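Hi,

Here is the structure I promised to send over. Have a look at it first, and then read on for my notes.

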Amino acid sequence: MAPIMKTIRNNSFLQGVGGRLRQAPLLGWLLGALLAVVLELLVGDPVARTLGMDRAPALFGFRVMLKSPVLIPSALVYVVLFYALPTMLVAGFTAGWMNKAAGGLLGVSTLVSLLVHLGLLYATLHLWGTLNDYRVLVLRLAFISVIATLSLNVVNGYLGEFSCSHPGFMALGAYVASIITVLLFVQDDVFGSPLLPPVIGPFAFPIALIAGGLAASVGALAVAIPSFRTRGDYLAIISLAFTFIVKSLIENLEVIGGPRGFMNQPQWAPLPVVFVAMVICVAIIASFVRSTLGKATCAVRDDETAAGHLTINTRRTKMVAFLFAAFWAGVSGGLFAHVLGYVNPGTFGLLKLTEVLAMVYLGGLNSVVGSIVGAVGIKLLQEILRPLEILKWVVLPVIIIVFMMVRPTGLIAFTEFDVKQILRPHNSQERRGG
């Protein structure tokens, strides 16, 4: 083994390829991923059939491997051909051009550079989802999970409390947004004819989401007012009770379906809408944690007594952070209802609480990028392990336990990303000059 590794290290070609990849900026990697997805879109199905699969694998071949272990070599070859090789080749061989482009975009403004990168990211995800509807659904649910996870991290991470009320907030947001859209814009057996022309519904949909978020914030007052008068574990107890109260209340409201659920929500949350909502959420929460109020929230977390002596109104700070988090949880619930076109009170129970908590703690507390990684990672794991059926709920907790044993603080804890650092060119001249 040692002679092989020595040969690889001494191989000038491999060193050159590795050097090019290290010099490739994020812009080059995104361009490579975009071209890889285009290649898959053009010839993915024929190549997959040649390799012995029915069609192009939905989730990078992992589900194919679990369903048919005999196809593991075929799935690996497919992933290398359509994802790894094209992305690495394009990123490596365009490193020089992309570094100049990245530097030019930053020279114009950071906002322009960020929008270009986000545009490439969305184009890649959109084309990747074009191959089948299942991919689009997974992407939309993953984006919604990012919003819910980030909002819970504001409380459990930055504020340093332990809240179990997020499923209740999501339920309030889901039902309030659904009632508004169905009542105003949908012909429904429960509410009858729409009160407003359905054609204006998609433009009013953001208002319905905001209303759902505000309803969740109002509900959060019922948790925050008694909880933040004291210190200790009272928030965890009261917030868990709140979740059960909201779930029971909805189950007993027959006008909105009761335990059967509420349906006929219009499909106004396509991939672009959910992606934009996620980007706005990430931007606002990232700004919040860097703001004066966000720093006060972290100070309360570190030492509430000391923060009070530094003239920080600790109770008001906790109330604002908690209501802010509840708002985004409500927005994620509203999006969730309009992605599925149906919502059920049973969705917002202990299983949803466990899922969101796992996303927060696996990704890492006090980290925006950690919450993104945790949410996307858990959601993809859930879908990858779906062929295992009931065994999924055995394998998934074991994976999470192993991760937490190796990284007890989470994958990316107490780490924030610098936008300029991510978007900057990677050539040596820029490093010396920057």
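Is T124 buried or exposed? Keep in mind that this is a predicted model. T124 is buried, because its relative accessible area is 9%, under the 20% cut-off for that label. You'll find T124 in helix 7, which covers residues 110–130. If you skip the neighbours within four places in sequence, T124 is in contact with L30, A33, L34 and V37.

Next, the domains. The protein chain splits into domain 1 (2–110) and domain 2 (133–420). Taken over C-alpha atoms, the centres of domain 1 and domain 2 are 33 Å apart. Eleven residues from domain 1 and twelve residues from domain 2 take part in the contact. How much area do domain 1 and domain 2 bury between them? The figure is about 960 Å², with 72% of it on carbon and sulfur atoms. On the domain 1 side, the residues that lose the most area to domain 2 are L59, R63 and L66, and together they make up 52% of what that side buries.

Now for the aromatics. Searching the whole structure turns up 16 aromatic pairs. One of them is F169 with F242: the ring centres are 5.3 Å apart and the planes sit at 50°, so this pair is tilted. The pair joins distant parts of the chain, with F169 in helix 9 (residues 166–185) and F242 in helix 11 (residues 234–251), 73 residues apart. F169 is buried, with a relative accessible area of 0%, and F242 counts as buried too, at 10% relative accessibility.

Another pair to look at is F228 with F322. Here the ring centres are 5.6 Å apart and the planes are at 90°, so the pair is edge-to-face. This pair also links distant parts of the chain: F228 is in the loop between helix 10 (201–227) and helix 11, F322 is in helix 15 (residues 314–340), and the two positions lie 94 residues apart in the numbering. Both rings belong to buried residues, F228 with a relative accessible area of 4% and F322 at 1% relative accessibility. What do F169, F228, F242 and F322 form? The four make up one aromatic cluster.

There is also a charge over a ring to show you. The charged end of K352 sits over the ring of F336, at 5.0 Å from the ring centre.

Last, the cysteines, in case you were wondering about disulfides. The count comes to zero. C281 is in no disulfide, and the nearest cysteine sulfur, that of C298, is 17 Å away. Why does C281 count as buried? Because its relative accessibility is 0%. Seen from the other side, C298 is in no disulfide either, and its nearest cysteine sulfur is that of C281, 17 Å away. C298 counts as buried as well, at 16% relative accessibility.

If you open the model, you could begin with T124 in helix 7, then go to the contact between domain 1 and domain 2, and finish with the cluster of F169, F228, F242 and F322.

Cheers

Key: Residues are numbered from 1 along each chain as its sequence is written. This is a predicted model: local features need pLDDT of at least 70, side-chain atom pairs count only at pLDDT 80 or more; totals for chains, interfaces and linings use all residues. Side-chain values use heavy atoms; hydrogens and water are left out. Rings of Phe, Tyr and Trp (its six-membered ring) pair if their centres lie within 6.5 Å; planes under 30 degrees apart count as stacked, over 60 as edge-to-face and the rest as tilted. Helices (H or I, at least four residues) and strands (E, at least two) are DSSP runs, numbered from the N terminus. Buried means under 20% relative accessible area, exposed over 50%, partly exposed in between (1.4 Å probe, protein chains only). A charge sits over a ring if NZ of Lys or CZ of Arg is within 6 Å of the ring centre and within 35 degrees of the ring normal. Contact means heavy atoms within 4.5 Å. A disulfide is a pair of cysteine sulfur atoms within 2.5 Å. Domain bounds come from an automatic or database domain assignment. Buried area is the accessible area (1.4 Å probe) that two parts lose on being put together, summed over both.
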